Amino acid sequence: PEPSWFNLVDVPSSQAPGQIRVVPRNALASLLFRKFNCDVPGPLISGGRMPLDRPPRPLAEQALIYDWIMAGAPFEPTDTIFFAGFEQRGFVP
């Protein structure tokens with residue numbers, strides 16, 4: 001696994017006391033997801049939406065973060081969605 005995994009999963013945030021960066025199987029409790037997903041992350045979260053001072057990431061990329069967290073924030077790829085990037089949600093060929 002990437003060293004960043006060890007700095008994200010079940011690790012308290014140094015900038016947002018009382019918040020966990022990634023809570024496996026709970027995207028809405030995960031600071032990472034809320035920072036990418038919300039225009040205004042809320043009073044318990046320092047700073048604004050990520051990436052700071054740039055346009056929000058596309059919804060498909062936000063969905064990938066959500067799916068990874070809801071899958072338990074696995075160490076390594078465990079589903080084809082992670083091997084091939086991400087699938088377009090709502091896409092009809």
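Let's start with F6. It is partly exposed, at 48% relative accessible area. Keep in mind that this is a predicted model.

What is F6 doing there? The rings of F6 and F75 have their centres 5.5 Å apart, and their planes stand at 80 degrees. Over 60 degrees counts as edge-to-face, so this pair is edge-to-face. F6 sits in helix α1, while F75 sits in the loop between α3 and α4. The pair therefore ties together parts that are 69 residues apart in sequence. F75 is partly exposed as well, at 39% relative accessibility. Add W5, and you have one aromatic cluster: W5, F6 and F75. In total, the structure holds four aromatic pairs.

Now the overall layout. The protein chain has four helices and zero strands. From the N terminus on, the order reads α-α-α-α. There are 93 residues, and 31% of them count as buried. The accessible surface is about 6200 Å². Carbon and sulfur atoms own 61% of that surface. On contacts, take those with a separation of 6 or more. Residues 24 or more positions apart account for 39% of them.

Next, the core. Which residues make up the largest nonpolar core? There are 10: V9, V22, A27, L32, F33, F36, I65, W68, I69 and A73. Helices α2 and α3 each supply at least two residues of this core. Look at V9 in particular. Leaving aside residues up to four places away in sequence, V9 touches V22, P24, W68 and A73. Of those, V22, W68 and A73 are core members too.

Let's move to α3. This helix has 12 residues. From first C-alpha to last, α3 reaches 16 Å. That is close to the 16 Å expected at 1.5 Å a residue. Its buried residues are A60, Q62, A63, I65, D67, W68 and I69. Note that Q62 and D67 are on that buried list. I65, W68 and I69 also appear in the core. After α3 comes G72, with a positive phi near 100 degrees.

That brings us to backbone angles. Most residues other than glycine have a negative phi. Two residues here are worth a look. A73 has a positive phi, near 50 degrees, and is not a glycine. A73 lies in the loop between α3, residues 59–70, and α4, residues 80–83. Is A73 buried or exposed? Buried: its relative accessibility is 1%, and the cut-off is under 20%. A73 is also one of the core residues.

R25 is the second case. Its phi is positive, about 70 degrees, and again this is not a glycine. R25 is found in the loop between α1, residues 3–8, and α2, residues 31–37. Buried or exposed, for R25? Exposed, because its relative accessibility is 56% and the cut-off is over 50%. So the two cases part ways on accessibility: A73 counts as buried, whereas R25 counts as exposed.

One more residue in the loop between α1 and α2: A16. A16 is buried, with a relative accessible area of 1%. Between A16 and L31 there are 8.5 Å in space, C-alpha to C-alpha. In sequence, A16 and L31 are 15 residues apart.

To close, back to where we began. F6 and F75 pair edge-to-face, and W5 joins them in the cluster. V9 touches A73, and both belong to the largest nonpolar core.

Notes: Residues are numbered from 1 along each chain as its sequence is written. This is a predicted model: local features need pLDDT of at least 70, side-chain atom pairs count only at pLDDT 80 or more; totals for chains, interfaces and linings use all residues. Side-chain values use heavy atoms; hydrogens and water are left out. Buried means under 20% relative accessible area, exposed over 50%, partly exposed in between (1.4 Å probe, protein chains only). Rings of Phe, Tyr and Trp (its six-membered ring) pair if their centres lie within 6.5 Å; planes under 30 degrees apart count as stacked, over 60 as edge-to-face and the rest as tilted. The expected span of a helix is 1.5 Å times one less than its number of residues. Contact means heavy atoms within 4.5 Å. Accessible areas come from the Shrake-Rupley method with a 1.4 Å probe; for residues, only the protein chains shown count as cover. A nonpolar core is a set of buried Ala, Val, Leu, Ile, Met, Phe, Trp, Tyr and Cys residues joined through side-chain atoms within 4.5 Å.
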